[in-house]
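Have the sequence and the 3D view open side by side. The walk below follows charged pairs, then a strand, then a single loop residue.

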Amino acid sequence: MRSSLRPQGARPRRSRWGTRSAGAALVATAVAGALLVPIGASEAVAPPKVSEGLACTPAAYHTDTDGTRTATFVLTAKPGRIITPDGNSVAMWGFASGKGAFQYPGPVLCATVGDHVSITVRNQLPEPTSVYLPAISGVHVGADAAAVDVTKNTLIQAADPGKTLTYDFYVPRPGTYLYTSGTNPQVQKLMGLIGALVVRPTGAPGRAYGAGTEFHTVANGDTGNWEFLHMLSELDPNLNHSVELQAKAGTLSATHQATFDMATYEPRYWFINGRSFPDAIQDNYAQSLPGQPYGSLVHIWPNGPNNPRPALIRYVNGGPVSYPFHPHSNHERIIGRDGYPAVNASAADASIDRYGIVVPAGGSVDAEFGWDDSDSQDFSSPDSSTTGIGVPIPNDRDRTDGTYWSGSPFLGGKGVLAVGLESFNECGEYYHVAHSHAIFQATTNGATMGGMLTMIRIDPPADPTSPTAPRASCVANGG
């Protein structure tokens, strides 16, 4: 049934409806044939429970009779609730994986360049919904869909309540992409119908953009180690409460969609991966956050012989405005945007260090982060007052010690803590704050040190007695 969709030759064909158009309305045309995959095809594929880093929901792969390799996913649009650090519980809409539980944001879908991707949406919401990928063109929709009707407030064909619909496309290039609802988007996107699609290069799953771009590297990309996702978004609880009341009143249907006066829209919560700080730095799949499965702590070692590659941080903007993200007192190197690597006309490295990374609405930025031990610290006496940095350490009356302070300014060192101080520091590791540089977005319902804020953890280098392992008291990247 897919022969009419198959690309010409080895490369995916360009859509006859146009090329890539970020942020523009994509009107897909129905194709002949029934749904292309069984509804439950991908529901048997369980995501690996990695405690840190990017947690892919793997596709169910199969090969058609015409040789097409297809990655299938099932997304169920359903209502649920999230928990915020100030004790609020907010009604949301979200994409679940198959028959799984509600989650915000939706599952991280992972595929490979050249795959034919098939996403089946099962709609358990009281109004139509859809899947829309702003940076991918050539999306075909199952033949049981009606033609797009702009009066129905949708950018792409939608599944009515209680119905299913399949969206098919070829992934054109490696990178990070947003998927969201294209139906009643001014409400549904803000209600939580967002997620990330991660596309890996063919033959080089451990790199961000392919074997030919040596500077775009990521270690153990298939396991989540050293690769991280920052899905940025926001929430106005008044919008969510309004939609919740409309749904309870039974006024929403295939012909009557949720409304909200956007002139009164005022976000009060900002998220990384659907969590506000300090919840943001809890492990993936924390039991206290059942509907918010993804943490955002970036956890690495210093650059060196045992760790030659930087970490890859994939930024995706699921909100309505641009977000300026900032690794505090540090830089990250931008290596690509919206699936396009940072190379010049000669395909040479054009990546660039940035103190702040502006992620546009609907877009993505891929960045590398590494940490150099520039002080050449002497670990034989890590608590000497002058070793390594060559300056005296202030006494405890002249400094304020924080919760993550180890008692020593040296990576891997632990010293005496001030009386009454409890520390979360395990092994002398370093912590950097990373946050939105629009400081009001680093708040939770008006309270500071919350919202769109997380941490970068740098563990001590490998134990000299075991150069290939972390220090025994450190847990590095999920074990």
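Asp115 is buried, with a relative accessible area of 2%. This is a predicted model, and the values here are computed from it. Which residue does the Asp115 side chain meet in a salt bridge? The partner is Arg69, at 2.4 Å from N to O. Arg69 sits in strand S3, residues 69-83, while Asp115 sits in the loop between strand S5 (108-112) and strand S6 (116-123). The pair therefore ties together parts that are 46 residues apart in sequence. Arg69 is partly exposed, at 39% relative accessible area. That is above the 20% under which a residue counts as buried.

Stay on strand S3 for the next pair. The side chains of Arg81 and Glu244 meet in a salt bridge, 2.9 Å from N to O. Arg81 belongs to S3 and Glu244 to helix H2, residues 237-248, so this contact ties together parts that are 163 residues apart in sequence. Is each partner buried or partly exposed? Glu244 counts as buried, at 16% relative accessibility. Arg81 is partly exposed, with a relative accessible area of 39%.

Now turn to a pair with both partners buried. Glu227 forms a salt bridge with Arg314, and their closest N and O atoms are 2.7 Å apart. Glu227 lies in strand S11 (residues 227-235) and Arg314 in strand S14 (residues 311-317). The two are 87 residues apart, and the pair links distant parts of the chain. Glu227 has a relative accessible area of 0%. Arg314 also comes out at 0%. Each is buried because its value falls under 20%.

How many salt bridges does a search of the whole structure find? The total is 10. Elsewhere, Glu426, Glu429, Arg457 and Asp459 are linked in a network of salt bridges.

Return to S14 and follow its pairing. S14 and S20 pair in the antiparallel sense over 6 bridges. Within that pairing, Leu312 stands opposite Glu368 of S20. S20 also pairs with strand S16, residues 332-337. That pairing is antiparallel too, over 4 bridges. There, Gly336 has Asp366 in S20 as its bridge partner.

How much of S20 is covered? Strand S20 spans residues 364-369, and 6 of its 6 residues are buried. In a regular strand, side chains alternate between the two faces of the sheet. In S20, one side carries Ser364, Asp366 and Glu368, and the other carries Val365, Ala367 and Phe369. Both faces are covered, and all of these residues are buried.

The last stop is a loop. Asn284 lies between strand S12 (269-272) and strand S13 (298-300). Is Asn284 buried or exposed? Asn284 is buried, with a relative accessible area of 6%. What does the side chain of Asn284 reach? One polar contact goes to the backbone oxygen of Val50, at 3.0 Å. Another goes to the backbone nitrogen of Gly295, at 2.8 Å. Leaving aside residues up to four places away in sequence, Asn284 touches Val50, Ser51, Glu52, Gly53, Ala55, Arg275, Pro293, Tyr294 and Gly295. Val50 and Gly295, the two residues with those backbone contacts, are thus both in the list of residues touched.

How values were computed: Residues numbered from 1 in each chain as written. Predicted model: local features only at pLDDT ≥ 70, side-chain atom pairs only at ≥ 80, totals over all residues. Heavy atoms only, no water. Buried < 20%, exposed > 50% of the residue type's maximum accessible area, 1.4 Å probe, protein only. Polar contact = N/O pair within 3.5 Å; in protein donor to acceptor, adjacent residues only side chain to side chain. Contact = heavy atoms within 4.5 Å. Salt bridge = Lys/Arg side-chain N within 4 Å of Asp/Glu carboxyl O. Pairing = 2+ DSSP bridges.
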